[in-house]
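Please open the model in your viewer and keep the sequence panel beside it. The stops below can be selected one after another.

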Amino acid sequence: MFDHTASLRAALDPRSIAVIGASENPNKVGGRPLRFLTQFGFKGQIYPINPTRTHTQGLRTWPTLQALPQAPELAIIAVAGQAAFDAIDACAQAGVKIAVVMTGGLTESDLVNGKQKERDMVARAQACGMRIIGPNSQGIANFGTGAIASFSTMFVEVPPADGPVGIVSQSGAMSVVPYGLLRQRGIGIRHSHATGNDCDVTACEMAAIVAEDPALKVLLLYLEGLPDPHRLAQAAAIARDRGLFIMAIKSGRTAAGQAAAQSHTGALASEDRVVDAFFQQHGILRAKDMREMVDGVELYLKGWRPRGRRLVAISTSGATCVMAADAAASCGLSLARLSDSTTAALRQALPAIALPNNPVDLTGAMLTDSSLFGRTLDALAPDGGIDAVLTGLPVSGAGYDVPRYARDAAAFIDRTQRPFLCSAAQPGVREAFRAQGVPAFDTETDAVQALGRFIAHWELTENVNRRIEAGCSPGLGMHDAAGGKEQMLDEANSLELLAQAGIPTVPHQACDSEESAVRAFHGIDGAVVLKGCSAQVAHKTELGLVRLNLRDEPAVRQAWREVAAAMESHGLSPARAVVAQMARGCQELMVGAHRDPLFGPVVVFGAGGKYVEAMPDVAMLLPPFARDDVRERLASLRMAPLLHGVRGEPALDIDAFIDTVMGVQALMVDPGQRLSSIDLNPVILKPVEEGCVAVDAVVYRTG
């Protein structure tokens with residue numbers, strides 16, 4: 001067997017590159033890579049392949065791959081149709097390590113036949129020890145080595161510069177859009193890779209290789225499918241060890257988006273909430289769009305370590321101060337409470353008409369006193385209760401000493417090492433601050449939102465690190481699907497399984513006759529519920545198989561007869577039922593779990609009852625997780641205040657519910673149980689120290 005990873009690493013720093021389908025026209029697919037390789041400083045050997053030419057763009061050209069003096073490490077395949085398949089086979093047989101296939105028209109055009117062609121192509125390549133990037137790939141680019149195996153127009157329009165940012169995308173366009181946006185801000189990009197259809201090398205595998213680059217500080221991902229989450233988990237583990245931050249857009253959030261993802265690259269979008277949970281578990285910040293992903297990159301490059309969420313806003317406009325305060329609140333940031341000494345220092349620094357409050361309104365005095373901004377920052381700098389500063393300059397220009405303000409801001413950063421951001425509508429003002437290394441944004445809302453995401457990412461990373469230190473390392477996302485036919489346990493067997501696992505269940509008894517139902521009623525304190533019990537029915541209410549609040553023997557007998565008749569009418573025989581105590585409590589919750597084919601066990605918990613699907617208020621975690629993880633996610637739910645008691649109601653036994661969630665996790669990760677799903681709804685939560693109880697359960701087992 002060959003080393004799959006070593007072949008992929010060769011793509012980022014190859015000693016030689018062949019371009020099959022080389023073109024004299026530098027604006028053709030087969031001509032653009034030649035232009036880039038010569039223009040951007042590739043030091044290795046370049047081999048244009050074209051049977052009709054002796055030289056291409058000034059480079060000696062060979063008629064075939066077999067005519068080359070040596071096997072190139074990387075080959076760019078820029079020919080179409082059957083010629084592309086022939087070229088792939090020729091590369092594999094010649095000993096090429098990796099091929100970038102720009103040819104399209106496979107899975108993205110024909111999901112069934114195209115996918116099979118790709119599988120056959122990969123099998124032949126790997127049999128010879130070759131990897132494939134693509135097909136339908138715009139190409140890959142490493143500006144650190146000059147290995148630009150891409151035909152993107154963006155690199156013509158926006159000149160490259162090496163830097164601390166990497167980009168990996170399944171989409172060609174989305175590999176260069178963030179490149180263009182960041183280069184416009186003066187930020188250098190080292191990697192810009194598009195993996196296309198991911199027939200062999202996937203975006204996640206490429207991310208794991210790129211994450212190894214010690215020059216990177218930020219890695220940006222655009223994903224439409226996640227067929228190999230274990231690769232992304234590996235990338236995240238490498239990133240944590242290196243202090244590299246990963247941000248990702250995972251498209252296909254909606255049903256329409258998922259359909260578009262299939263038609264675009266043949267990717268099958270994963271269930272969105274599971275992706276969220278996976279990203280959180282591994283410290284990856286999910287961005288909802290490209291602007292969210294690129295807006296805060298500058299903050300990561302400053303080397304700041306946020307200490308908290310307390311913000312000071314400074315502006316020459318009262319309106320800007322108010323909007324900054326609103327934006328902070330919407331992002332989970334708070335306005336810092338200034339110390340008495342800071343307030344006194346501000347009183348000395350500010351003009352008499354300005355109040356020493358937060359936000360700090362500098363008024364129009366900035367126009368006549370260029371030192372005011374610096375004096376204000378000097379007053380704020382010693383205050384340990386300030387975690388970050390935003391200055392909003394909505395209108396500055398002639399008469400304002402903007403370069404001095406920028407220098408004062410940079411001096412504050414050097415002195416305190418705290419995040420400092422500027423917002424300004426005028427490009428010249430933003431550029432003056434950026435020239436001093438101060439991140440600048442168009443509006444105070446943009447700035448505060450970027451700061452909020454940056455702090456949230458730091459908190460997410462720190463939380464993952466704490467979990468690892470506590471012995472709860474995130475899983476690698478690689479799970480064997482449970483084999484065999486899936487079978488549902490009836491409710492009696494489901495409740496018994498849970499009870500054996502230590503999960504509290506409602507007192508109950510399985511009954512197979514009217515008399516046994518009566519005996520069960522007399523053996524249970526208080527009112528009971530009688531439910532038809534069948535391994536063929538998961539939802540009993542819709543079939544008329546549930547009778548509630550039975551308080552005497554005649555009611556139990558009547559309920560048995562009605563339920564038995566209903567079961568017979570639906571072809572469910574022989575008649576069987578569960579008689580259980582009517583559970584009382586303060587709040588209905590739920591715990592569910594299923595085995596995702598890509599991510600393995602997934603545990604869901606939160607508000608329960610019959611409206612759980614209509615109005616979901618739940619959290620999701622992927623094993624392994626700890627009790628503190630469950631507690632933290634519970635606190636994030638809309639219903640969280642109800643758990644602590646409102647309007648005179650008692651606080652509820654959260655610890656008991658957490659025990660139940662942990663018990664469900666243990667069942668799902670136990671290979672001996674062979675469980676594919678668990679559904680506990682409702683779980684009745686009682687006051688503190690009174691526990692909780694699972695009232696209804698549906699369990700599926702495989703094999």
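Begin with strands S8 (residues 139-142) and S11, which pair in the antiparallel sense over four bridges. If you pick out Ile140, you will find it standing opposite His193 in S11. This is a predicted model, which is worth keeping in mind at each stop.

Now add strand S10 (residues 165-169), which pairs with S11 in the parallel sense over five bridges; within S11, the bridge partner of Val165 is Ile189. Following the chain onward from S10, you pass through helix H6 (residues 173-184) before reaching S11, and this β-α-β crossover is right-handed. Is S11 itself buried or exposed? Six of the six residues of this strand (residues 189-194) are buried, so S11 is largely enclosed by the rest of the structure.

Next, turn to the charged side chains, for the structure holds 38 salt bridges. Select Asp387 and Arg310, whose side chains meet in one of them at 2.8 Å, N to O. Asp387 lies in the loop between helix H15 (372-380) and strand S18 (388-392), while Arg310 belongs to strand S15 (residues 310-315), so this pair ties together parts that are 77 residues apart in sequence. Asp387 is buried, with a relative accessible area of 3%, whereas Arg310 is partly exposed at 36%.

Move on to Lys531 and Glu491, which form a salt bridge with their closest N and O atoms 2.5 Å apart. Because Lys531 lies in strand S23 (residues 528-532) and Glu491 in helix H19 (residues 491-500), the pair ties together parts that are 40 residues apart in sequence. Lys531 is buried, with a relative accessible area of 5%, and Glu491 also counts as buried, at 3% relative accessibility.

For a link between two helices, select Glu514 in helix H20 (residues 514-522) and Arg557 in helix H21 (residues 553-569). These two residues form a salt bridge in which the closest N and O atoms are 2.8 Å apart. Glu514 is buried, with a relative accessible area of 16%, and Arg557 counts as buried at 19%.

Then display Arg185, Arg291, Asp295, Glu298, Glu431, Arg434 and Asp446 together, since they are linked in a network of salt bridges.

Finish at Glu292, which is found in helix H11 (residues 290-295) and counts as buried at 17% relative accessibility. A polar contact of 2.7 Å joins its side chain to that of Lys288. Leaving aside residues up to four places away in sequence, Glu292 touches Arg286, Ala287 and Arg453.

Note on methods
Residues numbered from 1 in each chain as written. Predicted model: local features only at pLDDT ≥ 70, side-chain atom pairs only at ≥ 80, totals over all residues. Heavy atoms only, no water. Buried < 20%, exposed > 50% of the residue type's maximum accessible area, 1.4 Å probe, protein only. Polar contact = N/O pair within 3.5 Å; in protein donor to acceptor, adjacent residues only side chain to side chain. Contact = heavy atoms within 4.5 Å. Pairing = 2+ DSSP bridges. Right-handed = clockwise from strand over helix to strand, strands pointing away. Salt bridge = Lys/Arg side-chain N within 4 Å of Asp/Glu carboxyl O.
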